[in-house]
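Have the model open in your viewer and be ready to select side chains. This short tour goes stop by stop.

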Amino acid sequence: MAISTKCRQKKADLKKFTQSIQEEFLKVSKQVARLVKEEFEQRSLAELKIKELAAKLKYHKIPDLEITES
């Protein structure tokens, strides 16, 4: 009986953790989409915004991004 209770608790914890990861991913995706549309006067400002966003992440990492000038 005690083993099945622990198993249920672990499954519930895993489900909650998975949900947290998905929520963070959606939130970050929206923020990155906004950054893509934003125009920066200097490249360093864009890099700073990306670093600020990356510092807030708990479960994800932002891979090397390519900053293009238009």
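Select Glu47 and Arg43. Their side chains meet in a salt bridge, with 3.3 Å from N to O. Remember as you look that this is a predicted model. The count for the structure comes to one salt bridge.

Keep both residues selected and show the backbone. Glu47 and Arg43 sit four residues apart in helix α2, so about one helical turn separates them. Side chains of opposite charge can pair when their charged atoms come close.

Now switch on the surface. Are these two buried or exposed? Neither: Glu47 is partly exposed, at 32% relative accessibility. Arg43 is partly exposed as well, at 41%.

Next, select Phe17. This residue belongs to helix α1, which spans residues 2–37. Its relative accessible area is 41%, so Phe17 counts as partly exposed.

Add Tyr59 to the selection. A search of the whole structure finds one aromatic pair. The ring centres of Phe17 and Tyr59 lie 5.1 Å apart with planes at 85 degrees, so the pair is edge-to-face. Which parts does the pair tie together? Phe17 is in helix α1, while Tyr59 is in the segment after α2 (43–56), so the linked parts are 42 residues apart in sequence. Tyr59 is partly exposed, with 32% relative accessibility.

Last stop: keep Phe17 and Tyr59, and add Leu14. Together, Leu14, Phe17 and Tyr59 make a nonpolar surface patch of about 290 Å². Colour the three by residue type and turn the view until the patch faces you. Phe17 and Tyr59 thus appear both in this patch and in the edge-to-face pair.

Notes. Residues are numbered from 1 along each chain as its sequence is written. This is a predicted model: local features need pLDDT of at least 70, side-chain atom pairs count only at pLDDT 80 or more; totals for chains, interfaces and linings use all residues. Side-chain values use heavy atoms; hydrogens and water are left out. Patches are made of residues with over 30% relative accessible area and no salt bridge: like charges are joined within 9 Å, nonpolar side chains (Val, Leu, Ile, Met, Phe, Trp, Tyr) within 5 Å. Accessible areas come from the Shrake-Rupley method with a 1.4 Å probe; for residues, only the protein chains shown count as cover. A salt bridge is a side-chain nitrogen of Lys or Arg within 4 Å of a carboxyl oxygen of Asp or Glu. Helices (H or I, at least four residues) and strands (E, at least two) are DSSP runs, numbered from the N terminus. Buried means under 20% relative accessible area, exposed over 50%, partly exposed in between (1.4 Å probe, protein chains only). Rings of Phe, Tyr and Trp (its six-membered ring) pair if their centres lie within 6.5 Å; planes under 30 degrees apart count as stacked, over 60 as edge-to-face and the rest as tilted.
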